[in-house]
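Student: I have a structure to read and many terms to sort out. Can we go through them one at a time?

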Amino acid sequence: EDLMRALIESTAFGWRNILEAYESCGVPVKNIVASGGIARKDPFTMQVYADVLGRDIRITETAQAPAASVAAGCYPSLFAASDAMASKIDRVFHPVAAHTAIYDKLYAEYKTLHDYFGRGANDVMKRLKEIVVAIFLSHLGNRKRRAGGEEHVELLHVGRSDTYAQR
């Protein structure tokens, strides 16, 4: 339970970081509208997001994402789909002020760590990745394959796959 909450909070902190980046570049974020599975089926996650962001999160009636609706031919453009779907709000999650105050403190610590580890002040993340690669190479896992006479291990990450040659 604690692990799941930590994962949800970390994605909420990442979302807040992105929203703050937009706003620091002069792109105002006026409304947050969510659709799809998590938005419609997981009120706990949506409440955590509202609390971390300190903003209302509106949930659309539709379970479809705007891009999928355009691809399916339901709307002529992403803007048309977004406008139509955002106008049909089913539920709104309001931030709880007491929770937001606590999350503001946690977010300040998150930003410190994010910037320290993620912006080059410390190369610990690079060292940790090297250790993980060494562990995978030593165990060879279930993803061992041969290519051009060399053994390779494929490490799967969210959104990408890295291949490392074993020497």
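**Reading the terms**

Tutor: Start with the sheet. Arg-58 has Val-92 in E3 as its bridge partner. Val-33 has Arg-58 in E2 as its bridge partner. This is a predicted model, where local features need pLDDT of at least 70, side-chain atom pairs count only at pLDDT 80 or more, and totals for chains, interfaces and linings use all residues. Residues are numbered from 1 along each chain as its sequence is written, and side-chain values use heavy atoms, with hydrogens and water left out.

Student: What makes E2 and E3 a pair?

Tutor: Two strands pair if DSSP finds at least two bridges between them. E2 (residues 57-60) and E3 are joined by 4 bridges, so they pair. They run antiparallel. Thr-60 stands opposite Ile-89 in E3.

Student: How do you know that E1 and E2 pair?

Tutor: They are joined by 2 bridges, so the limit of at least two is met. E1 and E2 run parallel.

Student: Why is the pairing of this open sheet called mixed?

Tutor: The order is E1-E2-E3. E1 and E2 run parallel, whereas E2 and E3 run antiparallel. The edge strands are E1 (33-34) and E3 (89-93), each pairing on one side only. Strands (E, at least two residues) and helices (H or I, at least four) are DSSP runs, numbered from the N terminus.

Student: Why is H1 called roughly perpendicular to H6?

Tutor: Angles under 35 degrees count as roughly parallel, over 145 as roughly antiparallel, 65 to 115 as roughly perpendicular and the rest as oblique. Axes are lines fitted to C-alpha atoms, for helices over the stretch in contact, and angles run from 0 to 180 degrees between N-to-C directions. The axes of H1 (residues 2-24) and H6 (residues 97-118) cross at roughly 75 degrees. That makes H1 roughly perpendicular to H6. Their axes come within 11 Å.

Student: Why is Thr-45 called buried?

Tutor: Buried means under 20% relative accessible area, exposed over 50%, partly exposed in between (1.4 Å probe, protein chains only). Thr-45 has 4% relative accessibility, so Thr-45 counts as buried. Thr-45 is in helix H3 (residues 43-53). Contact means heavy atoms within 4.5 Å. Not counting residues up to four places away in sequence, Thr-45 touches Ile-8 and Ile-38.

Student: Which element has the highest mean pLDDT, and which the lowest?

Tutor: pLDDT is the predictor's confidence in each residue, from 0 to 100. H3 has the highest mean, 96, and strand E6 (residues 160-165) the lowest, 44. The protein averages 78.
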